Amino acid sequence: MLQIDSPAMVQSNNSSALIDRVYRLMSQRDFQAAGKLCEQVTAQYPDFDQGWIAAAEFFLRVNNPSRALELVQRAVALDPANSNWLLMQARCLLECGKTADARVAINRIETAGELTPQQHNELGMLLARIDEHGEAQKHYLLAVAARPKEVEFLFNLATSQRFLGDVSAAEETLNSILKLQPTDHEAAAMRSSLRKALPDNNHVEELKITFANLPLKPTAQTSFCYALAKELEDLGSWSESFSWLKRGAELRRAGMQYQVETDLEIINSIIQTFDQKFFQQHEASAAVQEQNSEAFFVIGLPRSGTTLLERILGSHSEVHAAGELGNFGIELTKLTRAELGQHKPGRGDFVAASARVNFQQLGENYIQSTRPLTGHTANFIDKLPFNYLYAGLIHRALPGSKIISLRRHPMDSCYSMYKQLFRDAYPFSYDLNDLAEYYIAYHRLMQHWEAVIPGVIHAVQYEQLVTDTEAEARRLLDHCGLEWQEQCLEYHRNRSASTTASATQVRQKVYTSSVGKWQQYAKELQPLQQRLEQAGIDCSPVSLTQPD
């Protein structure tokens, strides 16, 4: 008997086929065609919730999260109990900076009913984004229990275990991944970062065999090079370590479209725009501005000791370590774009326009945007290192806040960045010439801030912090207006999550073995040292003086 499809079935088949085409176009990065097709689907099938979800996904991919949120709300209205749509809603809310609303959406998901393993995994990732790593781990464990050979689930679980300081569990989970998938470069790199490699307990031969015998894309080769460099350095094989490191850095740099001149231009624009005259003009209005003193900004180049200082300061009962928040830059960008209107500026124009924003509003927006991650204690720490770009603006927007700058020996600082494989940020760190030029510009910028807002930035020298921790910690707490608490010296017992590249090191007591490490590679780093010294930066080795 001939089966005749109903009109509803035909409509469903047609709309589903169109959705498949939308996702195919997005995967091919044909966003113009994908956007037009999304308009067609939502207009032709307004009661088709998947059409609204596809359109929301499109706007997320073209960096318009507010529009994506509007569209996903349409899908949720059509099917309020659909956990996938609620997950998408929470994702859009986070992309819009609406953290409190996202937490409400997450609560709805957790009480909506039984979740699939994939939904548990996605919920864990959302919770991790709001720094609720303990809750995230619970969902990863449920996902892994249901599908123990799913590499993505295992990797997310290992990440949460590392953040929470459970190094042994993280290593076991990563070993499970590498048994299933020996070429998983992210798992290999994370495993090497967890602890110090020992002569009788390391992965050097395993990494070399995989690198030599299995097909690896350039991205994977890069990770294996960095993993080998790290473990060989632990073992004191200095020359071989640097050889692998240089190879990895060159691979990483070759895959990037980056010109250090762009960053130098931005830094120069900041120095020229936010000069002495700017701060003198705003002294009167700043004096009558409400002095919100919640925020402690910890700034400095990456790998300079910012995480160590954050753990010390964050161990105080009146301080919450909120992590690396991008909120200040986001809120500044929003106000600057509003100031510019429809004008599409160059980089210099954008910096110039940022000087005209309402700084009191900027401060208020920043504080509000950090909720609910903050507000539970009298103070919170924002430890986004490259807030050094905004130090003067932070002081102007939040004159009651504290800005703490970490300084480290220039060569140790540069080498420590060079040997770190960052996920996305700090593209200048993979080439020694770029690194030298960026460091010089950073040095100029910090000197500029100290000249135009004298006495505002509290400087902490890394070498002094690790050799006389108590004295530096007392000086820091006094600057922040906090009473001394002995627990600040027991920071390594602090069980709160750490999500930075130093997540493993901060579980250890203070150590000085990283001071002067660059000297093991003095020959290889000579061009870097020479360029820094030409710029007037002192690179003389430091001698550690222990307190009496």
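Reader: Which element gives the largest share of the lining of the largest cavity?
Author: In this predicted model, the largest cavity is lined by R191, S192, R195, A197, H203, K230, E231 and D234. Two elements give two or more residues to that lining, α11 (185–193) and α13 (218–234). The largest share, three residues, comes from α13.

Reader: How many residues of each class are in the lining of the largest cavity?
Author: The residues to sort include R191, S192 and A197. The cavity they line holds about 30 Å³ of space. By class, its lining has one nonpolar, two polar and five charged residues.

Reader: Which helix gives the most residues to the largest nonpolar core?
Author: The largest nonpolar core has 144 residues. Among the members that touch the most others are F274, Y366, Y438 and W449. With twelve residues, the helix that gives the most to this core is α24 (residues 432–452).

Reader: What is Y366 in contact with, leaving aside its neighbours within four places in sequence?
Author: Y366 is one of the residues that touch the most other members of the largest nonpolar core. Contact here means heavy atoms within 4.5 Å. With those sequence neighbours left aside, the contacts of Y366 are A295, F297, L325, N327, F328, E331, F380, D382 and L398.

Reader: How many residues of helix α18 are buried?
Author: Helix α18 spans residues 306–314 and is mostly covered. Its buried residues include L308, L309, I312 and L313, and also E310 and R311. The count of buried residues in α18 is nine of nine.

Technical notes. Residues numbered from 1 in each chain as written. Predicted model: local features only at pLDDT ≥ 70, side-chain atom pairs only at ≥ 80, totals over all residues. Heavy atoms only, no water. Core = buried A, V, L, I, M, F, W, Y, C linked by side-chain atoms within 4.5 Å. Buried < 20%, exposed > 50% of the residue type's maximum accessible area, 1.4 Å probe, protein only. Helix = DSSP H or I, 4+ residues; strand = E, 2+ residues; numbered from the N terminus. 1 Å grid on protein atoms, 1.4 Å probe; cavity = no way out; pocket = protein on both sides within 12 Å on 5 of 7 lines; lining within 4 Å. Points joined across faces, edges and corners; volume = space filled by probe spheres on them. Nonpolar A, V, L, I, M, F, W, Y, C, P; charged D, E, K, R; others polar.
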